[in-house]
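Trainee: I have a new model on my screen and would like to learn how to read its strands. Could you walk me through it?

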Amino acid sequence: MFTFIQTKDGSPTLRIGRPEDGGEPMHSLEGALSETRYIYGDALLKASEIEARPRVLSVGLGLGYVEILAAACFLKAGLSAAECGGVTYELIDALRDNFVNWLRDKPTQDAAFKQAYDTILEGTANVSVPGTSPPDEIKTFLRSMIEGGSWRLEGPLSVSTKIEEPFGCICFDAFSSKTSPDLWNEEFLKTFLTQASGERCVLSTYACTGTLKRALIHAEYALTIRAGFANKRDSTFAVKHAQP
Ligand SMILES: C[S@@+](CC[C@H](N)C(=O)[O-])C[C@H]1O[C@@H](n2cnc3c(N)ncnc32)[C@H](O)[C@@H]1O
């Protein structure tokens, strides 16, 4: 069911299922780590720097690139594991279980998962956030957030998910609308963004659909349309400012 693929910057991505059955890789084959850094790095750094207690909402754990990068950004900003955190939604139990096992230095389903997480951690420490901490420190920090309950790993996001707190940063990294149509539906996005966005919030995503843009404007975001990563056309970076 899981196929690991090495992308062009040497970092791994994962495909679930067979391409002929609609299975899509989780990241650009041009570079999973580079794509994560490009799409989510600025949002995570900005939230870490401007919020006293930054909280991140991540949609789609996948291989945990966003979570590892968030931990690196929090550490860079001099925060403690209790002062920051987030919530990640992920449909597939095995992805959550493998990630937590790896964080706790327990065996993963197979060696390829551990190897992938180790590569992502090394890459994040060395390349993604200049001046960041060594890999072990980032991993310990993330484990402390998860074990201390300041970062929670939840099941799938859906129309019935109750969002219980506002966030200062949203990394919306769901599969495409072809694979996960419910998460790109305009009505869903409007409700989700209204509930999940703090008074000040920054949202980043690799996507740039009309429904997303309308939902972001409805939720009082100002949009910046950026170039997409590699061969993708556009991506979206949106900021919601505190009301005076
Ligand atoms: C593009 S990948 C995310 C990659 C990830 N951000 C990373 O850093 O590796 C999309 C992920 O969304 C998950 N997913 C699909 N439907 C979902 C849902 N309804 N709620 C949460 N996650 C979902 C998939 O299982 C997959 O792991």
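Mentor: Gladly! Let's start with strand β6, residues 167-172, where six of six residues are buried. Buried here means that 20 or more other C-beta atoms, placed from the backbone, lie within 10 Å of the residue's own. Strands are DSSP runs of E with at least two residues, and helices are runs of H or I with at least four, numbered from the N terminus. This is a predicted model: local features need pLDDT of at least 70, side-chain atom pairs count only at pLDDT 80 or more, and totals for chains, interfaces and linings use all residues. Residues are numbered from 1 along each chain as its sequence is written.

Trainee: Which strand do four bridges join to β6 in parallel, starting from β3?

Mentor: Strands pair if DSSP finds at least two bridges between them. Strand β3 (residues 55-59) runs parallel to β6, with four bridges, and Val56 has Cys169 as its bridge partner. Four bridges also join β6 to β7 (residues 197-205), again in parallel. There, Cys169 stands opposite Val202.

Trainee: How does the chain get from β6 to β7?

Mentor: The path goes through helix α6 (residues 186-196), a right-handed β-α-β crossover. Right-handed means that, with the strands pointing away from the viewer, the path from the first strand over the helix to the second runs clockwise.

Trainee: How many helices and strands does the protein chain have?

Mentor: The chain has seven helices and nine strands. Of its 244 residues, 45% count as buried.

Notes. Buried ≥ 20, exposed ≤ 12 C-beta atoms within 10 Å, placed from the backbone.
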